[in-house]
Amino acid sequence: MKYNGKKYIKKELLPFFWCPGCGNGIIFAAMTRAMEENNLKKKDIVAVTGIGCWGKADDYLTTHAFHGTHGRAIPVATGVKLANPLLNVFALVGDGDGATIGGNHLIHAARRNIDIIVVMSNNLNYGMTGGQYSGTTPYSSITSTSRTGHVEDGFDVSSLVKSAGAGYVAKTTIANPRMIQKFISKAIKKKYGFRFIEIISICPTHYGKYNKMNNAVGMIKDIKQRTINIKKAEQLSPKELENKIIVGEYNDQNIEGYIQRYRKKINK
Amino acid sequence: MMFASKEGRYFLQGNIAVGEAAIMSGARFFAGYPITPSSEIAEHASVSLPDVGGTYIQMEDEIGSIAAVIGASMTGVKAYTATSGPGISLMGENIGLACMVEAPCVIITVQRAGPSTGLATKPAQGDFLQIRHGTHGDHMIIALSPASVQECFDLTIQAFNFSERFRCPVFLVLDGIIGKMYETVEIPKRDKIEIVNRKKATGQPEKFQPYKTDEDLVPPFAPFGSSFIARANGSGHGIDGYPSADANNHEQLVYRLINKIERYKEEISLFKKFNTSDADILMISYGCSVRPAMAAMKKAREEGIKVGVLQLQTLWPFPIDIIKSFISKVRLVLIPELSLGQLKSEIIKYSKDIPVIGINKLGGISIQPEDILNVLYKEIAK
């Protein structure tokens, strides 16, 4: 690969604390490559995290970082960006952090089209606390708190964020690191508006074990088999799309960002 | 709005005086969620901040509001929010975050009657303990409370100054009476107002450690975006801002967060005393309960009863030494407050044998001078 993202990585703290087979390392590498591809200066980046496995991502970054409370990365990032609009502000959230405890912040940030990038690692469960169900855990899945099968349906987070009003929404999986990099890179280039990238990841330690899935390799194979591009998906029936992971750009519009709009309205 | 851009005498609401002083302090960011009886502070910010290049945002709840305020503060901008008791309850976890990442900010609570929604439009003084202990873990907090519109202005400036100097959240504690009340305010010339700004990081950017402190236990600040790479960390962290679960490190960190405030307690402890030099009965009060105490004092003095009033402007850190020195000179202490004795519960820890009587009221109605006098006469007759 042309880029290695090294300058953004705190190599003294490697290896990552994530379990063998975890998808977060793939997302982290793709994200730092996207930063390098866009020639972002370390001092112009703020990575905001909450709590969870992916919430540890800032530990390995050499950029400015804010490691806060569970679920609140997006409102912290909102404050950072509004107070200094020149910064590239990334909120790095998991499915628990971003779509469950922080779900209300997510939809409101999308609605107001606040000018930040959200990179969501969605591994379908709470990894750090031992594999309990989250707001994206699919129906019938086994987790440490749904031993007889999950009662609820999980969110389709990208569709939710799109309907809440975000200008840029893209979804992919850890089976396609190039696509992760491409989407994050595009989000950086767009500069304005709420940019949301959801990456379907795996948690072999908990979710995989409970659901008697294979090891990490097997889980990635499974993701590959179930992945379908959004353009193809448009031609299929809901029945045919059952259990499929629909990847691609859910929304790609140049809607004015919050800061542009605010400045217009206050005439400054 | 924006009356305070020029010095002079103005007839202002308490909440508006707070807003004016915030902007004069240099505050340029407000995030909040509307709640009675504090909403004028948000409305004032929405109108006034754009005029000075600042930003107002109305968040989806108080959790998001305080989170955004902390984020803004870490870029070097002075930031504030305003709410009432229910909002402070929601902010609880992130108030601890502000303490831990050492984000200067001012949190205004305009107290109303609880618990829960309580009497939404009626005043109370029920946040006294929750502002101190609402967030989990050992920590110290600074809280100031005005008893007039003039003090709303003056103590807002002071609250921002303390938050900047000590890099910590500071509470400004109003109530439904003080916040909604109109009075004349004297606004001094700008150059007559002392404005404190947080210490800035110096030296070589590559060697910068975001939590390395000076003698005063406060780390110099580098804003996000500067070449001094900053890390704010709500988890246990070393001086480099990277996580640390080391037991000794945690102990040192928590002690430092407390001691950076405790050590300067004497300077932080603001109070006013009225007729205390010859008093043998002392009333201790703050906020909206000071005036009925003053009126009762006047009446009692006319009758030859030697009553004095100690008005606490600093609620936290609790001014133990001041309380002790005043109490030791009297034979009776009365505590009028619009709660069932939150302030009293703190004072009796230090009152030894001297009787301390609370004058308490629920229902969202101000304590009346007669309420105090009735207790006073009864106690004297004993």
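In this predicted model, strand S10 of chain B reaches across to chain A, and A:Ala65 has B:Arg231 as its bridge partner in S10(B). That bridge belongs to a pairing between S10(B) and strand S2 of chain A (residues 64–67), which line up in the parallel sense over three bridges. If you're wondering what holds such neighbours together, strands of a sheet pair through backbone hydrogen bonds, either parallel or antiparallel.

**A sheet with strands from both chains**

Now step back and look at the sheet around that pairing. It is an open sheet of nine strands with mixed pairing, and its order is S9(A)-S10(A)-S7(A)-S8(A)-S4(A)-S3(A)-S1(A)-S2(A)-S10(B). Which strands sit at the edges? They are strand S9 of chain A (227–229) and S10 of chain B, each of which pairs on one side only. Going from one strand to the next, the twist averages 20 degrees.

Walk along the order and you'll meet S1(A) beside S2(A). Strand S1 of chain A covers residues 45–49, and it pairs with S2(A) in the parallel sense over four bridges. To find the spot on screen, look for A:Val46, which stands opposite A:His64 in S2(A).

Helices lie against this sheet too. H1(A) lies across S1, strand S4 (117–122) and strand S8 (195–200) of chain A, and it runs at about 160 degrees to S4(A). Helix H8 of chain A (residues 216–226) also packs on the sheet, where it touches strand S7 (168–173), S8, S9 and strand S10 (245–252) of chain A. The direction of H8(A) makes about 35 degrees with that of S9(A).

**Two helix crossings**

Let's compare two helix pairs, one inside chain A and one that links the chains.

| Helix pair | Axes come within | Crossing angle |
|---|---|---|
| H1(A), residues 24–37, and H6(A), residues 177–190 | 8 Å | roughly 40 degrees |
| H2(A), residues 73–83, and H3(B) | 6 Å | roughly 45 degrees |

Take the pair inside chain A. Because of that angle, H1(A) and H6(A) count as oblique to each other. H1(A) passes H6(A) in a right-handed crossing. On the H1(A) side, the contact includes A:Ile26, A:Ile27, A:Ala30 and A:Ala34, while H6(A) brings residues including A:Pro177, A:Ile180, A:Ile184 and A:Ile188. By class, the residues of this contact divide into ten nonpolar, two polar and two charged.

The other pair joins the two chains. H2(A) and H3(B) are oblique as well, which follows from their crossing angle. H2(A) passes H3(B) in a right-handed crossing. Among the residues that meet here are A:Pro75, A:Val76, A:Gly79 and A:Val80 in H2(A), and B:Gly64, B:Ala67, B:Ala68 and B:Gly71 in H3(B). How many charged residues does the contact of H2(A) with H3(B) have? It has no charged residues, with eleven nonpolar and four polar.

**Where the chains touch**

The H2(A)–H3(B) crossing and the S2(A)–S10(B) pairing bring us to the contact between the chains. In total, 35 residues of chain B are in contact with 31 residues of chain A. On the chain B side, at least two residues each come from strand S2 (27–32), strand S3 (55–58), helix H3 (62–73), helix H4 (85–101) and strand S10 (231–233). Which element gives the largest share? That is H3(B), with eight residues. By class, this side of chain B has 20 nonpolar, eleven polar and four charged residues.

**Two domains in chain B**

Chain B itself has parts to explore. Its domain assignment gives domain 1 (8–192) and domain 2 (272–381). The C-alpha centres of these two domains of chain B lie 26 Å apart. Their contact takes 25 residues from domain 1 and 19 residues from domain 2. On the domain 1 side, the elements that give two or more residues include strand S6 (119–123), helix H5 (128–133) and helix H6 (149–166) of chain B. H5(B) gives the most, with four residues. By class, the domain 1 side has 18 nonpolar, three polar and four charged residues.

Chain B also has an open sheet of five strands, in the order S11-S13-S12-S15-S16, with mixed pairing. Its edge strands are S11 (271–274) and S16 (356–360) of chain B, and the twist averages 20 degrees from one strand to the next. S11(B) runs antiparallel to strand S13 of chain B (residues 307–312), and four bridges join them. Here B:Phe271 stands opposite B:Leu312 in S13(B).

Definitions and conventions
Residues numbered from 1 in each chain as written. Chains lettered and ligands numbered in written order. Predicted model: local features only at pLDDT ≥ 70, side-chain atom pairs only at ≥ 80, totals over all residues. Axes fitted to C-alpha atoms, helices over the stretch in contact; angles between N-to-C directions. Parallel < 35°, antiparallel > 145°, perpendicular 65-115°, else oblique. Left-handed = near helix turned anticlockwise from the far one by under 90°. Contact = placed C-beta atoms within 7 Å. Nonpolar A, V, L, I, M, F, W, Y, C, P; charged D, E, K, R; others polar. Pairing = 2+ DSSP bridges. Domains from an automatic or database assignment.
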